[in-house]
Amino acid sequence: PTELREQVDQVGEIPVITDFVPKDTMGRPGQLRKIKYVVIHETGNPGRNADAASHNNYLHKEADNLQKSWHYTVDDSEIYYHIPDNEIAFHAGDGLQKDGGNLSGIGIEMCINPENDYEKTLKNTAKLTAMLLQAYDLKLEMVKKHEDFSGKHCPDILLSEDRWDEFVRMVEQELSQE
């Protein structure tokens with residue numbers, strides 16, 4: 001599907017703040033595409049206060065300078081929505097490869113800053129992922145890791161702690177509650 005689902009201002013009890021990166025910038029060229037995957041990342045930013053709002057500010061500040069973007073940033077208390085789901089973003093490290101993560105995936109970044117509750121962030125991300133799978137009629141197998149597209153060890157903590165399958169089960173549990 002290329003059509004955009006309705007605007008969402010919360011996922012479960014988690015507030016979603018929509019603050020789109022300006023269109024026709026390097027970070028948001030506005031190219032429409034078919035959605036095939038939900039691609040999970042971690043920010044890799046362990047700095048203090050590197051929460052979802054901070055990453056939103058970064059994307060806006062760098063929109064004209066970097067071909068780097070993603071659709072959502074999730075922390076333990078909120079979700080920022082940066083790029084419409086039906087537009088490409090540059091998060092998977094695979095250029096605009098056919099059926100690749102950038103061209104076909106919705107990118108979700110999970111915050112790892114020290115004051116962030118990582119377990120709550122995982123739960124929030126599982127809720128968002130389940131909502132997106134339902135919205136776009138995607139199967140659970142379409143939840144992918146950044147690593148699946150570029151080989152980068154990401155989402156780092158989930159992979160290093162061998163918790164990817166646990167995360168996918170969390171998404172599956174969210175789907176069964178809908």
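W164 has a relative accessibility of 11% in this predicted model, so W164 counts as buried, the cut-off being under 20%. Its partner F167 counts as buried too, because its relative accessibility is 0%. If you follow helix 6, which covers residues 164-177, you will find both W164 and F167 in it. Three residues separate W164 from F167, and that spacing is about one turn of the helix.

Now look at how the two rings are placed. A pair of aromatic rings is described by the distance of the centres and the angle of the planes. For W164 and F167, the centres are 5.6 Å apart and the planes make an angle of 40 degrees. That angle is neither under 30 degrees nor over 60, so the pair counts as tilted.

In total, the structure holds four aromatic pairs. Elsewhere in the chain, ring pairs join F20, Y72 and Y81 into a cluster.

Let us turn to the strands, beginning with strand 1 (residues 10-11) and strand 2 (residues 14-18). These two are antiparallel and pair over two bridges. In one of the contacts, Q10 has P15 of strand 2 as its bridge partner. Together, strand 1 and strand 2 make a hairpin, with two residues between them. In the turn you can find G12, whose phi is positive at about 60 degrees.

Strand 2 also pairs with strand 5, which spans residues 79-81. Here the strands run parallel and three bridges join them. To trace this pairing in the model, start from I17, whose bridge partner in strand 5 is Y80. Strand 2 is thus joined to strand 1 in the antiparallel sense and to strand 5 in the parallel one.

How values were computed:
Residues numbered from 1 in each chain as written. Predicted model: local features only at pLDDT ≥ 70, side-chain atom pairs only at ≥ 80, totals over all residues. Heavy atoms only, no water. Phe/Tyr/Trp six-rings, centres within 6.5 Å; stacked < 30°, edge-to-face > 60°. Helix = DSSP H or I, 4+ residues; strand = E, 2+ residues; numbered from the N terminus. Buried < 20%, exposed > 50% of the residue type's maximum accessible area, 1.4 Å probe, protein only. Pairing = 2+ DSSP bridges.
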